[in-house]
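Colleague: I would like a close look at a single part of this protein. Please take it step by step.

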Amino acid sequence: MTKMNMPIAGMAAPVIIAMLLIAGSTRMIANAEPSAANAEVKIDNFSFGPQTITVPVGATVTWTNRDDIPHTVVSTEGVFKSKVRDTDEKFSYTFAKAGTYPYYCTIHPKMTGQIVVQ
Ligand SMILES: [Cu+2]
């Protein structure tokens, strides 16, 4: 009996260890994503806040218009361009490449901001 059980136990242990490792790494990836990939910019009182934010490559930035008049979010270099955003409307863009992305509001060109992706 003992001799028969030994090989089975010897084979089961590596399988269990492998399963634990896979479960552990999946949990780590799931935890890392939300904090690393999202950032918020608030549009209020004719300004973008924060005016400059730094995000990792692959991050999605979401602008929300908290002002009571319409605004746009338009890349100075033509990388992204929102439609006119009314109160509480959002615009999101995912930054796949590192770089500095200045933007402004086409309705109020003095409203500027920038996203630094690194
Ligand atoms: Cu505006």
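Which residue in β8 is the bridge partner of Ile-53?

Modeller: This is a predicted model. The bridge partner of Ile-53 in β8 is Ile-115. Ile-115 in β8 is also the bridge partner of Tyr-101. Two strands therefore come into the picture alongside β8 (112-117): β3, residues 52-55, and β7, residues 99-104. β3 and β8 run parallel, with 4 bridges between them. β7 and β8 are antiparallel, with 6 bridges. Side chains in a regular strand alternate between the two faces of the sheet.

Now the link between β7 and β8. The loop joining these two strands holds Cys-105. The SG atom of Cys-105 is a donor of the copper ion, along with ND1 of His-71 and ND1 of His-108. These protein donors lie 1.9 to 2.2 Å from the copper ion. Along the chain the donor spacing reads H-x33-C-x2-H. His-71 sits in another loop, between β4 (60-65) and β5 (74-75), so the pair His-71 and Cys-105 ties together parts that are 34 residues apart in sequence. Both His-71 and Cys-105 are buried.

For the wider setting, the protein has 1 helix and 8 strands. The helix comes ahead of the strands in the pattern α-β-β-β-β-β-β-β-β. Of the 118 residues, 27% are buried. Among contacts with a separation of 6 or more, 48% join residues 24 or more positions apart. The protein exposes about 7,900 Å², and carbon and sulfur atoms supply 63% of that area.

How values were computed
Residues numbered from 1 in each chain as written. Predicted model: local features only at pLDDT ≥ 70, side-chain atom pairs only at ≥ 80, totals over all residues. Heavy atoms only, no water. Buried < 20%, exposed > 50% of the residue type's maximum accessible area, 1.4 Å probe, protein only. Contact = heavy atoms within 4.5 Å. Areas by Shrake-Rupley, 256 points an atom, 1.4 Å probe, with all protein chains shown as cover. Donors = N, O, S within 2.8 Å, 3.2 Å for Na, K, Ca; no water. Pairing = 2+ DSSP bridges.
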